[in-house]
Structures are given as C-alpha cells and as structure tokens.
Amino acid sequence: AKYPIVKVRSDSSKAQLYSISNLKHKVTILNEIDSEIPDFIYIDELEYTDPVQPPDPDFLPGCSCKSKCRDGCHDGAAYDVNGCLIIDQGTAIYECNQACECDASKCNNRVVQKGRQIPLQVFKTPNKGWGVRSMSHIRKGSFVEEYIGEVITVEEGDTRGLIYDKLGCSYLFDMDFAQSELPTKHVIDSYALGNVSRFFNHSCSPNLEVYAVFYDSADNQMHRLAFFAKRDIQKNEELCFDYNGRTDVASQKDIVGAARYSCRCQASKCRKWIYQ
C-alpha cells in the first residue's frame, strides 16, 4: 500500500508537522529548520521491479510445532518471550511462515513480519539532512523497522548508483546479510519508494543493527533487511546504523574504490569518513 503525507500543523516559528496517513503505528515528519518536505512515496511492503520476481512461497520450509514453537524451531530461537533478539549480529533470522503448522497468534517466532510497533518521527537536522528519532523508549534487541523499497537487480543498482553519486545521496542497500557464499543478486532502493527507514542516518557508534530475516523466502539471495536496537534507546534519541556494514571498522577490501563522504555523526569514536 502507498500512504500520503498530510500536513498536520504549521506555526509562526516555521515548524512544519506532517503525518503519514493511515499507518497502524504513527510516523510524523517535523521540520523546524526550513520549508522542505521529503519527496518520496511512502510504502510498507517491498516492490519487486521487473525482472525481479517475488519469492515463491511453495518452497518455504514449515515447522510442525503445535501452538507455540519450540526453541529448536527453524534451527534455534532468535527471540525471547518478549520478541527481543537473543542471537548475535551476523546470524540470519528464520521466522515461522505460512507453511508452518504453529498457531500464528501465539508463535514467538513471528516478529518482523508483524511490522513496526514503535512510533517514529522523521525530523530535519541542522547538518545531516533528515533523520529519525523514536517517540518512545526502545528495549535492547527490539525490532524497530524493516528496510523497504524497490527490489532491483545488482546491475540496475549499479546504474542507479552512478546517478545517486552525482546527486550526493544513495538509498541502495544490498541483500547480502545472510552470510551466503553466493554472489549478491538483489538490491533494495528506497530513493523514490520507501518507508521511514530510508531516513536512518549513519553513526560510527550506532544504536541499530541490521539482520537478514527470512519469512517469505527460502532463497539466501532474497531476504528481508531488519533493524533491531543494539542497546536500550531513549525517547527522542536519533536512530542510526553503521553505513560501513556489519563490522565496527570497514575492511580495506570494502573501502577500496568506494565513494567517501565526510562523517558528521559526532560520536566519540567517529572514524571521520563514511565509505559507500
């Protein structure tokens, strides 16, 4: 579904408040800096762009659990009883799916597929463009949001990337978090179509981590990208992840030939540069 951006309020201080209409859990947009409005279409599901096809549900492996799922379901539990992660970063998450025999209403292994549960606000920063902050406290390990956009081929991503480099921006995210030996085939692009996660900024000391999540695909080259809280996050704290990838410091292999941007995260251990 696509959701319109609706103005809620403007006042003499030039503050502009907007809301994304009809979302189950609220997203607002606040600009107290200037009159800019984000130019994109808000969607809440991946859009598969030809020639990329949606995953085939006929190949999904289902569990045989009755009612609630066992700890060994889908190679081990990823979540505790509160839906918070109990696995290390870099480990893929295999949630129960439509082929499973468990009761979906009672299953603890269905978190990302239920969507975001946290109210968020997109806001204009003084020196980093747009950012996102939480409107409530977030417990460590909680699911925050999924990266949503167009699913395109790597080749199409390379073509679009050249254009985005000239524009000084990029919303391309490789589907390469499943620790597979297979080459990356697909990219998510949220430049034109996306959700609130397209505004997550970089930090060298991030409070979010990215995980590969499977619940509608059995293909290691076609997984979801989900953001989880790396630590407890306070209300009104900006949400950020490390653009350089899964590791704390980008490897030399990762950064050779990559575009380099000055980092403005202001973290105490800031690396000064972002490589993309």
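## Sheet architecture

In this predicted model, four strands form an open sheet with mixed pairing, arranged in the order S7-S16-S17-S10. Its edges are strand S7 (93-94) and strand S10 (143-146), each of which pairs on one side only.

Strand S16 (residues 208-214) and strand S17 (residues 224-229) run antiparallel and are joined by six bridges. Within this pairing, Glu 209 has Phe 228 in S17 as its bridge partner.

## The loop between S7 and S8

The edge strand S7 is followed by a loop that leads to strand S8 (120-124), and Cys 96 lies in this loop. Cys 100 is placed in the loop between S7 and S8, as are Cys 102 and Cys 107.

Each of these four cysteines is buried. The relative accessible area of Cys 96 is 0%, and that of Cys 107 is 4%. Cys 102 has a relative accessibility of 8%, while the value for Cys 100 is 11%. Because the limit for a buried residue is under 20% relative accessible area, Cys 100 at 11% falls within the buried class.

## Annotated binding sites

An unreviewed UniProt entry assigns a "binding site" feature to Cys 63, Cys 96 and Cys 100. These residues are spread over 38 residues of sequence, yet they cluster in space, with a largest C-alpha distance of 7.2 Å.

The unreviewed UniProt entry also gives a "binding site" feature at Cys 96, Cys 102 and Cys 107. Cys 96 is thus named in both annotations.

## Contacts of the loop cysteines

Beyond its neighbours up to four places away in sequence, Cys 96 touches the cysteines Cys 63, Cys 69, Cys 73, Cys 102 and Cys 107. Its other contacts under that exclusion are His 74, Asn 109, Arg 110, Gln 113 and Tyr 215.

With neighbours within four places in sequence left aside, Cys 100 contacts Pro 61, Gly 62, Cys 63, His 74 and Arg 110. On that basis, the contacts of Cys 102 are Cys 63, Cys 65, Ser 67, Cys 69, Cys 96, Cys 107 and Arg 110. Cys 107, again without neighbours within four places in sequence, is in contact with Cys 69, Cys 96, Cys 102 and Lys 114.

Several residues recur in these lists. Arg 110 is in contact with Cys 96, Cys 100 and Cys 102. Cys 63 likewise touches Cys 96, Cys 100 and Cys 102, whereas Cys 69 is a contact of Cys 96, Cys 102 and Cys 107.

## Absence of disulfides

A disulfide is a covalent bond between the sulfur atoms of two cysteines. The structure holds zero disulfides. Cys 100 takes part in none, and the nearest cysteine sulfur, belonging to Cys 63, is 3.7 Å away.

Why does Cys 102 form no bond with Cys 69? The closest cysteine sulfur to that of Cys 102 is in Cys 69, at 3.6 Å, and this is too far for a bond, because a disulfide requires two cysteine sulfur atoms within 2.5 Å. Cys 102 and Cys 69 are nevertheless in contact.

Conventions:
Residues numbered from 1 in each chain as written. Predicted model: local features only at pLDDT ≥ 70, side-chain atom pairs only at ≥ 80, totals over all residues. Heavy atoms only, no water. Pairing = 2+ DSSP bridges. Helix = DSSP H or I, 4+ residues; strand = E, 2+ residues; numbered from the N terminus. Buried < 20%, exposed > 50% of the residue type's maximum accessible area, 1.4 Å probe, protein only. UniProt positions renumbered as here; feature names shortened; annotations may be inferred. Contact = heavy atoms within 4.5 Å.
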